[in-house]
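Got your viewer open? Let's take a walk through this protein, one selection at a time.

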Amino acid sequence: MVKRLQQIEVNSQGRVALEVVGQSTQGRDIYQARVGTGDKVVLIESEIHGNENTGTEALLSMLQYLGSSNSQEA
């Protein structure tokens with residue numbers, strides 16, 4: 001997942017920004033990805049339970065779309 005996040009950040013040309021915001025109890029980095037600017041903030045979390053990875057795949061796809069699309073919708 002970390003490699004994919006880093007790839008999304010690089011390919012986004014500055015639209016997606018990654019930051020390590022903490023560590024898990026096992027010492028693994030916890031990442032935050034930010035997209036966009038403005039007054040409205042939306043927080044989306046995934047894998048609160050480690051065996052629920054489909055949400056993470058969906059978020060990675062969304063980040064990739066938001067970071068690489070030039071459409072107004074993005």
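In what order do the elements of the protein chain run from the N terminus on? Switch to the cartoon view and follow the chain: you'll go α-β-β-α. That gives you 2 helices and 2 strands to look for. Keep in mind as you go that this is a predicted model.

**Stop 1: the whole chain**

Zoom out and show the C-alpha atoms. Along the principal axes, they fill a box of roughly 40 × 25 × 20 Å. Now turn on the surface. About 6,100 Å² is exposed, and 48% of that comes from carbon and sulfur atoms. How much of the chain counts as buried? Of its 74 residues, 15% do.

While you're out here, think about which parts of the chain meet. Take the contacts with a separation of 6 or more: residues 24 or more positions apart account for 37% of them.

**Stop 2: a link between helices**

Next, select arginine 4 and glutamate 57 and show their side chains. They form a salt bridge, with the closest N and O atoms 3.0 Å apart. Arginine 4 sits in helix α1 (residues 2–11) and glutamate 57 in helix α2 (residues 54–68), so this pair ties together parts that lie 53 residues apart in sequence. Are these two tucked away? Not by the cut-off, since buried means under 20% relative accessible area. Arginine 4 comes in at 26%, which is partly exposed, and glutamate 57 is partly exposed too, at 43%.

How many salt bridges does the structure hold? Just this 1.

Now color by charge. The chain has 6 positive and 9 negative charges, and the mean positions of the two groups are 5 Å apart.

**Stop 3: a greasy spot on the surface**

Which residues make a nonpolar surface patch of about 300 Å²? Select Val42, Ile44 and Met62 to see it. Methionine 62 belongs to helix α2, the helix you met with glutamate 57. With a relative accessible area of 37%, methionine 62 is partly exposed.

**Stop 4: back to the start of α1**

Finally, pick valine 2, which is in helix α1. Its relative accessibility is 32%, so valine 2 counts as partly exposed. Add glutamine 64 to the selection and draw a line from C-alpha to C-alpha. How far apart are valine 2 and glutamine 64 in space? The line spans 13 Å, while in sequence the two are 62 residues apart.

Notes:
Residues are numbered from 1 along each chain as its sequence is written. This is a predicted model: local features need pLDDT of at least 70, side-chain atom pairs count only at pLDDT 80 or more; totals for chains, interfaces and linings use all residues. Side-chain values use heavy atoms; hydrogens and water are left out. Helices (H or I, at least four residues) and strands (E, at least two) are DSSP runs, numbered from the N terminus. Buried means under 20% relative accessible area, exposed over 50%, partly exposed in between (1.4 Å probe, protein chains only). Contact means heavy atoms within 4.5 Å. Accessible areas come from the Shrake-Rupley method with a 1.4 Å probe; for residues, only the protein chains shown count as cover. Lys and Arg count as positive and Asp and Glu as negative; His and the chain ends are not counted. The place of a charge is taken as NZ of Lys, CZ of Arg, CG of Asp or CD of Glu. A salt bridge is a side-chain nitrogen of Lys or Arg within 4 Å of a carboxyl oxygen of Asp or Glu. Patches are made of residues with over 30% relative accessible area and no salt bridge: like charges are joined within 9 Å, nonpolar side chains (Val, Leu, Ile, Met, Phe, Trp, Tyr) within 5 Å.
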